Each structure stands twice: as C-alpha cells, then as structure tokens.
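Visitor: Please take a close look at the largest cavity in this structure. Then place it in its surroundings.

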Amino acid sequence: MTGLGLCINVILVVLLSTKAEEHAAHLRPFSSPEWSVLEGHDLPKNHLATFYVHMKLRNEDQLTADLISVSDPESSEYGNHFTMQQINEKYSPLAEDVDKVTTFFNNIENVEIENNLQRNFLKISAQVEHIENALGTTLQVHHNEIHKDAKIIRAVQSLNIPDDVSTLLSFVSLTTPVSHIVPMAVEHQEVSEEQMEKEVNLGSFTGATPEVSQRLYKIENEPQLRMGSQSFAAFYGQFFNPMDIKAMFQYANLPMKYAKLIPNENIFGTIDNRADLPGRESSLDVQTLMSTAPGVPTYMYSMIDLNPYNYANEGFLAYVQIVGNQENPPLIHSISYGDDSKTIFDADSNKEGNIQYGNAVDQEFKLMGLRGLSVIFASGDSGVGGLAFRRVRCEKTWPVWPASSPYITAVGGTKLGDSGEEEVCSIDSGGTITGGGGFSTVSNRADDAPWQVEAVDGYLSKYASQMTGIDKFNAKGRGYPDVSVLAHDFPVLLYYSIVKLSGTSASAPLFAGMIALINDLRLKAGKSPMGFLNPFLYWVAKNNPSAYNDITKGHINCGIMGDGCCPEGFPATPGWDAATGLGSINYPEFKKMAVDFETTENSESVATASPTKKPKNKNKKNKRRRRNRRRRNKKPKNPKPVLSSEIEQEDMDDHYDDDDDYVNDDDSE
C-alpha cells in the first residue's frame with residue numbers, strides 16, 4: 001500500500017482444535033513461515049507479558065442486518081445508531097459468560113485483567129512463568145525472517161483451555177500468527193538533506209496543497225468552530241510535531257486558530273506523542289486531515305509497536321480494543337495502514353482459525369459503524385499486487401486488508417494529469433505509487449456488501465475483457481476502493497522542512513476530512529452523523545451521479561515505484577471500477593445528498609445536539625489562560641472519553657482566547 005515505508009505488527013488467529021482431551025480444548029501453538037524462535041534469547045520468567053482474549057458476540061447473525069438498517073438512506077432506521085448500552089443489551093457476551101472466561105484466566109497468578117465497555121475484549125497481563133503454568137504452555141520470543149528487528153512473544157505449545165470457556169472465544173493472541181500492517185506514505189522523490197534544505201529555503205509549498213484540493217473538489221470550507229470529531233491512527237511509533245501543523249497552516253493561508261487543536265487529552269493509545277520525533281506518515285495524516293476540516297476537534301490513536309516484549313507490539317488489536325472501551329469515540333477514523341489479506345485470512349490454505357480472526361476484527365468494524373462511526377482506510381499503493389506484488393509479481397491479484405473488508409470505506413488514489421483532470425495514480429502515468437484496488441478473496445459481495453452489487457456487477461460484465469484473467473481474482477468478492485481522491489505530490493512539513501509525499505495515506509485523511517465537514521453540517525441541522533458510509537455512497541451514485549467525478553483514465557496494473565507493471569489488471573471505466581471506485585467527490589452535490597435530502601431518520605439521535613453559542617466575555621480571557629497554564633503538561637491517568645458530536649461550545653471556547661488566538665495548554669504567557 002502507499003506510504004508503506006514502515007512496518008507494524010498486527011495479529012492473526014489460529015485454528016481452535018476440535019479434539020478434546022479431558023474436557024479441554026487446545027489452541028494450537030503459534031506457527032508462521034515468516035517467524036521463527038529467536039535462538040539464544042531466553043525469555044525471562046519474571047517478564048510481564050500482555051495478551052488479548054476476544055470473546056464471541058451474541059446474535060452475530062443479526063449484526064450485518066442491523067448495520068445496514070442504520071446505514072441505508074432508504075431504511076426507516078437510517079441514522080438511528082446504537083448506543084453502547086444497546087450494543088451491550090443485544091450483542092455483547094452475557095455477563096455470566098464474561099465471568100466464566102474471567103474466572104478461568106484469573107487462575108493465572110498475580111494476573112491483571114481489563115475488559116472493555118463492549119465486554120468482549122480482555123487485555124490480560126501477568127509474568128511469563130505464571131501464564132505458562134496456568135495455560136500449560138511455553139512462551140518464547142520470535143523474530144521476523146525479513147524484518148529482523150521485529151520481535152514478539154508467542155506460545156510454542158498448545159494452550160489448554162476448558163471446553164466451556166474455549167467455545168466462548170474467538171481467539172487468544174498468544175497463538176495468533178503475526179504479519180505486518182504498514183503505513184502508506186512514500187516520498188515523492190529521493191532528495192539529499194542539502195536539496196531538501198534548498199527546497200525549504202525557496203518556500204516550495206507546491207503540489208497537492210489544501211488550496212488545490214479545495215478547488216478541485218469545490219469544498220466550501222468557511223473556517224469556523226465545528227461540531228463532530230475526527231481522528232487518525234498512528235502505529236509503529238509514528239508521531240507529529242504541532243509546530244509543523246502551524247507552519248503548514250501558515251503556508252496554506254489557513255486560520256492559525258485551528259492549527260493546534262490536539263491537546264494531550266485528545267491522544268489515546270499506548271504511547272504519548274513525541275513532538276521531537278515526527279514521522280512522515282503521521283505528519284501527512286494529521287496535516288491533511290486538519291487542513292481539510294479546520295476547526296473540527298481532532299484526536300490521535302498512538303500505538304508504539306516497537307517494544308518486542310509488550311502488548312504494545314500488538315498495535316492494531318490495541319487500537320480496536322481502545323475504541324471499544326470508549327463511550328463516545330471520535331466520529332471519524334482515518335487509518336492509512338494495511339496488511340496483505342492472505343496473511344490475515346490465509347484463505348488459500350483454508351485455515352479456519354485465521355479466518356475466525358479476520359471475521360472477529362470485521363465484527364469490530366461493524367460495531368463501530370453501528371455506533372455511528374465512519375471507518376476509512378487507505379486502499380494501498382501497489383495496485384493489483386498489493387503488498388505481495390514483489391513476491392508474486394503478476395501471477396495473481398492480492399487484495400489489501402482491511403481495505404478489502406466490506407465494513408470499512410476504502411479510498412483509492414488519483415493524480416492530476418497533463419490536462420488538469422484527475423486520472424488513476426499509477427507509476428505508469430508519472431506517479432510514485434499505484435492506487436490499490438481489486439476484490440476480496442474471502443467475502444461474498446451478494447451477502448456481505450449488497451449495496452454495491454449492481455455497480456460492481458455492471459463493471460465486471462462490461463469490461464471483463466480488459467481485466468486480469470478470471471482465475472486471478474475472486475469475481476464474487478467485495479470490490480474496492482469505494483471512492484478515490486488525490487494521492488500524489490503532497491507537500492508536508494516535517495520538522496520545519498517541506499517534503500513531498502505520495503500515497504493513499506493522503507487520500508484517506510483527505511476524504512475523511514470531507515466527511516467531517518458533512519458531519520458538522522448534519523449535526524447542526526439536528527441529524528445523525530454519517531456513520532458507516534458505504535450504503536450511502538452507492539445510493540448517492542445511483543440517485544445523483546453528479547455527486548462524483550467519474551475517473552475513466554488509467555489502470556492499476558502496476559506496483560509502487562520500482563515494481564514495474566503487469567500486462568493485465570483493473571482499468572478505470574465509466575461508473576464504478578476497481579481502480580478508483582465510484583470516482584472522486586464533487587463536494588457541493590455530495591453535500592446536498594448528505595445534508596439536504598429528506599429521510600425518515602430520527603432527528604433526535606443522541607449525537608445530533610447542536611452547540612449552544614455563548615456570547616464572548618472578555619473578562620474570561622485571563623481566567624482561561626490561568627486554567628490552561630494549570631493544565632500544562634498534565635495528562636490525566638484515565639482520560640475522559642472522547643465527546644464526539646456532544647462537545648459543548650464552552651468546551652471548544654477553552655481552546656481559544658477572545659482575540660481568536662489559539663491558547664495551547666503548553667503555551668506560556
């Protein structure tokens with residue numbers, strides 16, 4: 001995928017053996033061709049290890065139908081998203097089942113167990129020796145055969161878990177194979193530090209600037225305090241520098257009062273942000289997101305993924321578990337990372353356990369959508385070959401996951417052609433990446449993504465002769481991306497220097513910012529947030545095609561720069577295609593469909609309260625400054641849950657003084 005310069009560990013699941021011995025099931029030990037025991041490295045028995053246990057939901061067979069019901073504009077339940085209490089009442093494991101599982105793992109000596117608000121995700125910490133004794137296994141450090149620095153703890157013997165407990169579980173992460181979820185931002189070109197310094201001195205803030213995006217998509221972006229919330233996820237210790245955001249806003253002529261709206265309490269995860277170590281991926285994500293939707297409260301999920309012996313190495317599961325533990329998470333989730341679908345599901349080997357893991361994570365995506373959250377992933381940067389392009393070349397298409405999951409919105413990449421119009425971003429047309437797209441190998445479009453059946457079937461029936469041979473992809477799978485926007489030549493401030501980055505890592509937050517603007521308008525109109533987007537996106541395409549800019553030039557037959565191209569692949573065509581989805585966004589028409597159309601949705605949703613505008617009181621200015629100074633450098637041990645669309649205007653005013661200057665918690669007088 002694009003911007004995939006770094007690697008992050010994410011987990012897969014193993015098969016739960018059906019063989020029972022003395023009423024105990026066995027979770028098969030960890031096994032993966034890419035990982036091996038690190039010889040000569042004994043794991044200290046007193047080392048504190050952490051692992052995850054995922055419990056099965058109740059009424060799983062109704063989850064997809066409920067998600068569609070609250071997400072389909074033609075449904076009478078559109079916008080009636082579930083509260084956490086409603087999730088618990090219908091889908092969360094029964095309290096007695098949670099108690100049974102918790103009681104079993106409490107047999108681990110000196111164990112600490114933390115469940116989330118959804119009651120289905122346990123985080124368990126104990127010393128290695130105590131885990132081994134209680135579960136009848138041995139833990140060892142494994143390292144990756146390709147990325148030697150990547151290390152993780154896994155079980156090398158089966159886990160002994162009673163039948164009445166194991167039947168309640170989806171997976172235990174101690175036995176799950178490990179792959180890599182990687183960022184999707186790549187440098188536009190190789191430049192030396194001297195060249196970069198020269199570029200900065202020239203003030204070369206050019207390319208896909210915020211102004212270009214606003215003009216291209218006709219984004220009506222009158223800066224103001226906004227309702228709603230948006231977030232981005234950062235794995236592998238990717239950080240950002242707030243001063244880079246400020247510099248980018250200056251270059252882009254954006255209101256400076258919105259340049260630093262990420263206080264410490266808006267950062268969740270396993271590691272605090274390190275402003276002294278900004279990374280390309282997070283800098284691109286946050287600058288694109290905030291410049292597209294200035295004024296929308298912004299949040300960060302920060303995962304370290306560097307400690308070889310800690311649960312923080314399980315960044316993706318940590319992220320999902322944290323979201324499930326928040327009463328009011330951010331409404332928008334932009335994630336510019338991805339993995340090889342085959343390593344997640346291992347569908348070619350038909351390993352049921354791996355599919356169980358992938359399905360369990362898909363369930364978490366469904367729950368997020370059911371709660372009114374929009375989950376947006378970058379589609380990848382290596383065209384039809386995905387992350388496996390260099391290994392398999394053109395033998396078969398390899399979808400990226402979670403982009404190919406039916407229950408998230410996948411955003412592909414475009415670039416401006418010589419004529420100034422959008423075309424597929426591909427190395428074959430001057431790009432440094434090729435936008436990802438294709439078809440899921442494990443989902444069935446008719447069952448899992450019915451909203452896109454008509455559009456995708458039309459593409460396959462009309463243009464099959466231009467595509468990869470039918471034996472090289474799952475023609476019945478979920479097609480992706482869903483939409484596409486610019487992915488090429490983004491100027492990013494990185495430690496006060498301008499670098500040019502490309503990738504669908506830029507596309508995802510750019511599109512996410514547009515949805516954040518839509519949410520703001522809907523919430524102010526007393527409507528629900530957009531939530532799970534896909535049924536709405538395809539409904540719009542059917543009812544008002546002018547809401548999209550149809551991309552018909554280019555293909556995704558190629559990989560990232562240096563990979564080369566395949567003779568066959570997926571072309572861009574009129575209508576939906578596997579290169580750019582439904583096309584890019586014509587914001588005025590898209591906004592009209594999202595905000596102005598009449599539905600039967602419940603306008604009294606808990607998330608729709610409009611802010612109460614208070615008159616400014618200049619006598620409060622010094623009081624606010626004193627309050628902010630007291631907050632300086634203090635982060636609560638247990639951060640208050642994100643307020644999403646219920647943020648009060650008074651809370652927003654605390655970020656600013658009465659002269660419209662931003663008041664940062666870390667600023668001094």
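Guide: The largest cavity is lined by 16 residues. Nearest its centre lie Ala 208, Pro 210, Thr 288, Ser 291 and Phe 490. A cavity here is a set of points, on a 1 Å grid over the protein atoms alone, where a 1.4 Å probe fits but cannot get out. Lining residues have an atom within 4 Å of a point.

The model is predicted: local features need pLDDT of at least 70, side-chain atom pairs count only at pLDDT 80 or more, and totals for chains, interfaces and linings use all residues. Residues are numbered from 1 along each chain as its sequence is written, and side-chain values use heavy atoms, with hydrogens and water left out.

Three elements each give two or more residues to the lining of the largest cavity: helix H7 (210-217), helix H9 (280-292) and strand E26 (490-494). Helices (H or I, at least four residues) and strands (E, at least two) are DSSP runs, numbered from the N terminus. H9 gives the most to this lining, with five residues. By character, the lining has nine nonpolar residues, seven polar and no charged. Ala, Val, Leu, Ile, Met, Phe, Trp, Tyr, Cys and Pro count as nonpolar; Asp, Glu, Lys and Arg count as charged; the others, Gly among them, count as polar.

The volume of the largest cavity is about 140 Å³. That volume is the space filled by probe spheres set on the points, with grid points joined across faces, edges and corners. The count comes to five cavities of 30 Å³ or more.

Now the packing. The largest nonpolar core has 127 residues. Such a core is a set of buried Ala, Val, Leu, Ile, Met, Phe, Trp, Tyr and Cys residues joined through side-chain atoms within 4.5 Å. Buried means under 20% relative accessible area, exposed over 50%, partly exposed in between (1.4 Å probe, protein chains only). Tyr 319, Phe 365, Phe 511, Phe 536 and Leu 537 have the most contacts inside this core. Helix H16 (residues 504-524) gives the most to the core, with eleven residues. Apart from it lies another core, of 29 residues, including Leu 38, Val 53, Val 98 and Leu 168.

Helix H17 (residues 534-543) is mostly covered, with seven of its ten residues buried. Among them are Phe 536, Leu 537 and Trp 539. Beyond its neighbours within four places in sequence, Leu 537 contacts Thr 409, Asp 482, Val 483, Phe 511, Tyr 548, Leu 582 and Phe 590. Contact means heavy atoms within 4.5 Å.

Next, the cysteines. The whole structure holds one disulfide, a pair of cysteine sulfur atoms within 2.5 Å. Cys 558 and Cys 565 form it, with their sulfur atoms 2.0 Å apart. The link is right-handed, with 95° about the S-S bond. Cys 558 is buried, at 0% relative accessibility, whereas Cys 565 is partly exposed at 36%. Cys 425 also counts as buried, at 0%.

Two further sites complete the tour. Asp 66 sits in helix H1 (residues 60-71). Its relative accessible area is 17%, so Asp 66 is buried. Outside residues up to four places away in sequence, Asp 66 touches Phe 82, Lys 90, Tyr 91 and Leu 370. Ser 341 belongs to helix H11 (residues 341-345). At 1% relative accessibility, Ser 341 is buried too. Ser 341 and Ser 405 are 64 residues apart in sequence and 9.3 Å apart in space, C-alpha to C-alpha.

How values were computed
On a 1 Å grid over the protein atoms alone, a cavity is a set of points where a 1.4 Å probe fits but cannot get out, and a pocket is an open set with protein on both sides within 12 Å along at least five of seven lines; lining residues have an atom within 4 Å of a point.
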